[in-house]
Amino acid sequence: MMQAVIDLRSDTVTRPTAAMRAAIASAEVGDDMFGEDPTVRRLEEVVATRLGKAAALLVPSGTMANQLALRCHTQPGDDVLCADGAHIKWYEAGAAAALAGLQLVTIGRGGFFHVSDLYASYQPERTDQASPPSRLLCFENTHNRGGGSIWPMQQLYEVAAAARQLGMKLHLDGARLWNAAVALGVPDAEIAAPFDTVSVCLSKGLGAPVGSLLCGPIDTIHRARRYRRMYGGSMRQAGILAAAGIYALSHHYQRLAEDHHNARRIAELLSDVRDIQVIAPQTNILLFDLSLPMPDAAEVTSRLKTLGVLVAPFGPRRIRLVTHLDVDHHACEQAGQRIRQVLCDAAL
Ligand SMILES: Cc1ncc(COP(=O)(O)O)c(C=O)c1O
C-alpha cells in the first residue's frame, strides 16, 4: 500500500480546510484599491488591534511586508542593522539593496543580539558625509534560521530601548510572531510593543493560503500603502484572502501549541541517534546537524523522500523540518520514526 506523504518542508505547505474554503466562498468583497473591501478592512482592524498598533495593511507576502517597512523607515544609502540569519538578508532576493538602496549590516549570532552588538555596529548621522547612518534595527521573532527560536522578552526590550535611545527606528519581522506568543503564553501585543512596525504572516502556521500584514502608526501605514502600489502589491477583491485570514486567526491560533508539541516529540525520537545533533525546538521548527560518517543533508533528504517524508536540506549538513496544521500528532509520530530509521540505518 502507498504510504501517505508527510510534508514537513515548511509550514507554508498547508492547504485551506473545508471550513476555511467556506469562509472564503461567503466573503463580502469590494475593490480594495478604492478602500471598498469590507473584509479586508475588518482583517486589518483585527490584526492592528491584536498587535496594539494604530493601523495595518494587507499585502500578498511576508517579503513585501518587510520590504515596505524597510522602504518606509529609510533613505537610500542608509544602514539597516539585523541579525546574521535574518530573512530580510537571506531570502528576500536582495530586495533591500535593489528596491530601497540599503546596506544590511549583520550583528550578533544565531539570530539574536545584545546591546553591546548594537553599539559595536551603530553609526550616528555624521557631518563627515562619508559614513552611512544606522537608521533602522530589525528583529525576527521567531527566528527561522535559528530553528524557530524565540527572543527572550527581557533581552528584546533592552535592545529595543537602547536602539530607541540612539534615535533608530525598529521593525519586527514577525512572520511567526504568533508561534512566539503562544509558546510564551503572552498577548501578541506584548511582543509587538517595542516596534514601530511589525510584519505578520497568515500563510505559515495559521494555514491561510495567502497574506501578510504590515502594522504600525497611521502615517507609516499610509506611506506603505503607496509603496505597496509601487511594488505591485495592491489587490482588488482581496476579501477572499482576508476571509481566510480572519478564519485562521480565530480557529488556528491556539492550536499552534500542538505544532510545538509535535516538533518536541520528533526531537525526542531523534535524541539518542548517533552522529546527529538535534537543536531543541522552541516552537514548530526543528533543526538537526549530521556529523561524519552520516551522509550529507541532500542524501538524507532523498532517502527520507523514498519513505514518504519530505524535509528541507538547510545547508550541506543541516536538515530543517517544520510541523504544521496538515500533519497531526499521528503523522508526526510516524515521520519521527521513519527519520529515526533512516538515520540509524545510515549510521551502521
Ligand atoms: C521569518 C520570515 N520572514 C518573512 C518570510 C517571508 O514570507 P513570504 O514567503 O510570504 O514572502 C518568511 C517566509 O518563510 C520567514 O520565515
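Which helix gives the most to the lining of the largest pocket? In this predicted model, that's helix 3 (residues 62-73), with three residues.

## The largest pocket

There's about 200 Å³ of space in here. The lining has 16 residues, and the closest to the pocket's centre are His87, Asn144, Ala175, Arg176 and Lys204. By character, the lining splits into eight polar, six charged and two nonpolar residues.

## The second largest pocket

This one holds about 170 Å³ of space. Its lining draws on residues including Val5, Ile6, Asp7 and Arg9, along with Leu310, His324 and Asp326. Six of the lining residues are nonpolar, four are charged and one is polar.

## A four-stranded sheet

Now for the sheet: it's an open one with four strands in the order 9-10-13-12, paired antiparallel. Strand 9 (276-279) and strand 12 (312-313) sit at the edges with a single partner strand each, so one side of each has no neighbour in the sheet.

Strands 9 and 10 make a hairpin, with five residues between them, and four bridges join this antiparallel pair. On the other pairing, strand 10 (residues 285-290) and strand 13 (residues 318-322) run antiparallel over five bridges.

Leucine 287 is a handy residue to click on. In strand 10, leucine 287 is the bridge partner of isoleucine 279, and leucine 287 also has arginine 320 of strand 13 as a bridge partner.

## The helix across it

Helix 13 (residues 297-306) lies across strand 10, strand 12 and strand 13. Relative to strand 13, helix 13 runs at about 40°.

Key: Residues numbered from 1 in each chain as written. Predicted model: local features only at pLDDT ≥ 70, side-chain atom pairs only at ≥ 80, totals over all residues. Heavy atoms only, no water. Pairing = 2+ DSSP bridges. Helix = DSSP H or I, 4+ residues; strand = E, 2+ residues; numbered from the N terminus. Contact = heavy atoms within 4.5 Å. Axes fitted to C-alpha atoms, helices over the stretch in contact; angles between N-to-C directions. 1 Å grid on protein atoms, 1.4 Å probe; cavity = no way out; pocket = protein on both sides within 12 Å on 5 of 7 lines; lining within 4 Å. Points joined across faces, edges and corners; volume = space filled by probe spheres on them. Nonpolar A, V, L, I, M, F, W, Y, C, P; charged D, E, K, R; others polar.
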